[in-house]
Amino acid sequence: MVQAFFAYASTEADAVRAVHDAKTKLALSRRDLAIHLWEENDISGRPLTDPIFEHIAAADMLFADITVMNFNVTFEIGYALGLGKRVHLVRDQNIGRQAGLITRIGIFDTLGFESYTEGASLAGVLEGAHSDKALPLNSALNTKAPVYVLNTPQSNAPMLAILARVKKARLGFKSFIPQEESRLSAIKAVDDVSACLGVIVPLLPTSFVDAEVHNIRAAFVAGMAFGMGKATLILQPPNGPAPLDVRDMVKTFAQADDIADYIAEFALDVTERLQADDPLPIAKGNFLAELSIGDAIAENEFQTLGAYYLRTDQYGRASRGEVNLVVGRKGAGKTALFSQVRNEKRANVRNIVVDLKPEGYQLIRLKEDVLDYLAEGARTHLITALFEYVLYLEICYKLLEKDKSKYLRNARLYEPYLRLKEVYESGDAGEGDFSERLLGISRSLVDAFKERFGTAKEQRLTSSQVTELVHKHNIREVREALSSYLEFKESVWILFDNLDKGWSAHGLSDEDVTILRCLIDAARKVQRQMQSANHDFHCIVFVRNDVYQLLVEASADYGKESRAVLDWHDPDLLREMLRRRLVHGVLPSDTSFEKVWNNICLSHYNGEETAQFLIERSLMRPRNLIKLVGHCRGFAVGLGHEKIETEDLDKGLKSYSLDLITEADQELTDILGEDTNLLYHFIGEGEVFDRDKLEEICAGAGVKADRIDDVIEFLLYYGFLGVQNSAAAPTFVYDVNYDMKLLKVLVMKAKGNLSYVLNPAFHAGLNL
């Protein structure tokens with residue numbers, strides 16, 4: 001007898017009725033199948049979850065209705081997958097109000113689900129269900145990154161505290177970052193959770209932005225972790241959303257110290273598991289199942305990236321200190337280059353590497369509580385002074401941290417070290433990681449500003465007033481103590497990444513541009529001062545190229561900055577990037593791309609060579625190519641295929657295309673300041689448009705007439721649209737080296753003979 005457990009939410013009467021009707025009908029047509037409904041559990045005197053988990057563990061497979069997004073049902077889906085059970089998902093297609101939510105979450109459409117209309121239809125869907133072909137679980141543990149963290153959609157104080165404490169515990173970790181990946185792929189989540197030893201999942205109060213999307217993802221990841229027997233830490237604030245029947249699994253925090261205590265306990269558990277090094281007895285799959293192509297997000301593969309990183313000319317220029325800026329599109333590899341330059345310079349023990357990765361959250365109070373009340377000149381002066389102060393203190397912090405034991409054994413270092421420590425501690429940088437220290441300095445500045453100047457608008461501060469606000473002591477003392485100590489070091493590298501994280505492409509405020517401009521000015525000033533003292537000193541800022549373009553427009557001087565541009569337009573480079581990942585650790589390093597590719601994927605798709613086909617749909621971005629191949633591989637592994645087959649490519653393209661549409665739609669919403677769902681209005685409109693048709697589609701989506709030109713420019717910039725003149729091949733932004741001015745000239749010269757072409761990367765998501 002095949003045992004199945006059926007999980008569903010009891011809030012939708014029609015769906016509940018359909019489940020009961022289907023069970024009755026299946027009792028006649030599938031006599032070998034016994035279905036247990038969650039309502040049939042004996043819960044008297046027991047936690048609600050205990051009998052449910054027992055029945056899922058005893059069952060051969062799980063049926064789950066996802067018509068209504070429900071925390072408990074999603075947790076049970078994850079739990080069953082973690083136990084290695086076959087899961088069959090169904091949804092009542094008569095109820096459409098949460099279909100968009102399913103797409104935004106990403107889990108369920110990457111797992112796949114069947115639709116039904118009533119009890120008989122549901123019975124027909126489930127009649128052929130079997131317990132074999134469960135989603136395979138990865139048996140290889142990632143001991144370099146043993147923790148998996150599910151990040152919240154927006155940065156906040158608890159999330160910062162969690163990450164800071166994980167770093168402080170010296171636990172390597174991977175994370176899902178919603179700002180980088182708009183949807184959570186179930187296949188990737190299964191791989192990541194399988195490979196870790198512990199999972200940290202924060203929950204959000206329902207009043208927070210995107211809380212429903214995040215909490216459903218959290219339920220899925222936490223359920224998987226419980227099913228796999230991982231160390232699992234679920235955290236929520238006092239007003240958190242965890243249902244009553246899972247509250248015993250959740251830790252509630254009221255302050256940052258609570259988070260620190262919980263993570264300290266969690267870290268002990270993970271460390272014990274690391275020491276035991278006893279992998280789960282999961283059967284190995286085929287070569288494709290065991291193959292890893294790394295992570296599309298560079299932050300998640302810092303520990304392994306060096307083994308297969310493609311060292312381009314841009315990397316060489318940055319490594320030699322020839323550039324002050326590294327610019328590139330989102331997903332072009334800025335953070336990967338950042339990590340590799342950092343690692344190379346760290347390898348020399350006499351070098352000092354200060355790697356800073358703040359997020360916009362740390363400067364929100366500063367922008368809202370100070371910058372709004374200052375005139376333009378005072379803003380620039382204040383922020384430049386703040387960053388100069390922060391940079392000097394961070395170099396001091398790094399030196400003190402690195403030599404905290406060494407100076408006791410080295411008489412030459414002893415006095416200079418104590419002097420440096422004295423000037424550092426007289427400031428207010430505080431403890432924690434850089435994000436926490438920057439947040440502390442910003443708060444102190446806000447409080448000092450309000451106390452002294454109040455909230456009158458358009459204030460103008462003198463140089464001495466700015467100095468008193470920013471500097472807790474004489475900046476010259478810091479500079480002199482630092483310069484004296486650097487006599488014992490070979491070179492200093494300041495690498496600044498993440499400052500523009502979360503900023504929209506064309507939705508930057510004047511304050512955002514001011515902050516970035518002041519950072520670069522402060523870095524140049526510090527570099528000049530240190531180089532004038534004969535120190536080998538370099539500062540590199542990593543920033544998106546669209547943000548850099550705004551800097552150039554604001555001040556022509558920035559066009560003269562030495563910079564490395566990370567834009568990809570050569571398919572062979574992307575192919576080599578992918579080859580290095582495919583052969584790493586499993587095949588000889590000189591294995592050709594064709595040889596390894598043909599072992600994991602069919603050679604042609606609709607008459608096109610598959611690798612080139614996928615590269616052309618990556619928008620020429622490494623991250624997109626890794627994600628696309630990862631989606632296709634995930635579906636192939638889930639279906640038990642030894643190679644990526646046609647149906648895996650179809651499903652992978654669909655899932656990837658939905659990712660792209662969601663990401664592009666989010667950026668467009670930032671630009672317009674309202675949600676139009678414009679990209680979905682292209683469904684059913686074909687692939688080629690003239691200007692009038694394009695304007696008609698925009699207007700139909702509610703775009704105001706005076707914003708249509710901006711929207712079309714964004715669609716060209718993003719790569720959603722290209723342009724085509726007569727019978728020539730379409731031209732997309734990456735075909736002209738991302739030069740929007742050149743693309744606009746092509747549009748202007750073509751006049752009425754131009755067509756706009758939808759990028760094929762979006763076809764699958766728009767059902768074309």
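Visitor: Is Lys 188 buried, partly exposed or exposed?
Guide: This is a predicted model, and its accessible areas are computed. Buried means under 20% relative accessible area and exposed means over 50%. Lys 188 has a relative accessible area of 24%, so it counts as partly exposed.

Visitor: Which residue forms a salt bridge with Lys 188, with the closest N and O atoms 2.9 Å apart?
Guide: A salt bridge needs a side-chain nitrogen of Lys or Arg within 4 Å of a carboxyl oxygen of Asp or Glu. For Lys 188, the closest N and O atoms of the pair are 2.9 Å apart. The partner is Asp 295.

Visitor: How many residues apart in sequence are the parts that Lys 188 and Asp 295 tie together?
Guide: Lys 188 sits in helix 8. Asp 295 sits in the loop between helix 11 (287-290) and helix 12 (313-319). The pair therefore ties together parts separated in sequence by 107 residues.

Visitor: Is Asp 295 buried or exposed?
Guide: The cut-off for buried is under 20% relative accessible area. Asp 295 has 2% relative accessibility, so it counts as buried.

Visitor: Which residues are joined with Lys 188 into one salt-bridge network?
Guide: The network arises from salt bridges that share partners. Lys 188 is one of its members. The others are Lys 174, Asp 192 and Asp 295.

Visitor: Which residue of helix 26 forms a salt bridge with Asp 191?
Guide: Asp 191 lies in helix 8, and its partner in helix 26 (residues 622-638) is 442 residues away. The closest N and O atoms of the pair are 3.1 Å apart. With a relative accessible area of 10%, the partner counts as buried. It is Arg 633.

Visitor: What ties helix 5 to the loop between strand 7 and helix 8?
Guide: Asp 109 and Arg 183 form a salt bridge, with the closest N and O atoms 2.7 Å apart. Asp 109 is in helix 5 (residues 107-111), and Arg 183 is in the loop between strand 7 (173-176) and helix 8 (186-195). Parts 74 residues apart in sequence are therefore tied together by the pair Asp 109 and Arg 183.

Visitor: Is Arg 183 buried or exposed?
Guide: Its relative accessibility is 3%. Buried means under 20%, so Arg 183 counts as buried.

Visitor: How many salt bridges does the structure hold?
Guide: Asp 109 with Arg 183 is one of them. Lys 188 with Asp 295 is another. The structure holds 37.

Visitor: How far from the sulfur of Cys 632 is the nearest cysteine sulfur?
Guide: A disulfide needs two cysteine sulfur atoms within 2.5 Å. Cys 632 is in no disulfide, and the nearest cysteine sulfur belongs to Cys 601. The distance is 7.2 Å.

Visitor: How many disulfides does a search of the whole structure find?
Guide: A disulfide is a covalent bond between the sulfur atoms of two cysteines. Cys 632, buried at 0% relative accessibility, is in none. The search of the whole structure finds zero.

Visitor: At what angle do the axes of helix 7 and helix 10 cross?
Guide: Helix 7 covers residues 157-168 and helix 10 covers residues 256-276. Their axes come within 10 Å. The crossing is right-handed, at roughly 35°.

Visitor: How many residues in the contact of helix 7 with helix 10 are charged?
Guide: Helix 7 contributes Pro 158, Ala 161, Ile 162, Arg 165 and Val 166. Helix 10 contributes Ile 259, Ala 260 and Ile 263. Seven of the contact residues are nonpolar and none is polar. The charged count is one.

Visitor: How many of the 11 residues of helix 29 are buried?
Guide: Helix 29 spans residues 708-718 and is mostly covered. Its buried residues include Ile 708, Phe 714 and Tyr 718. The count is eight.

Visitor: Which residue just after helix 29 takes a positive phi?
Guide: Its phi is about 100°. The residue is Gly 719.

Visitor: Where does Met 620 lie?
Guide: Met 620 has a positive phi of about 60° although it is not a glycine. Its relative accessible area is 7%, so it is buried. Met 620 lies in the loop between helix 25 and helix 26.

Methods. Residues numbered from 1 in each chain as written. Predicted model: local features only at pLDDT ≥ 70, side-chain atom pairs only at ≥ 80, totals over all residues. Heavy atoms only, no water. Axes fitted to C-alpha atoms, helices over the stretch in contact; angles between N-to-C directions. Helix = DSSP H or I, 4+ residues; strand = E, 2+ residues; numbered from the N terminus. Left-handed = near helix turned anticlockwise from the far one by under 90°. Contact = heavy atoms within 4.5 Å. Nonpolar A, V, L, I, M, F, W, Y, C, P; charged D, E, K, R; others polar. Buried < 20%, exposed > 50% of the residue type's maximum accessible area, 1.4 Å probe, protein only.
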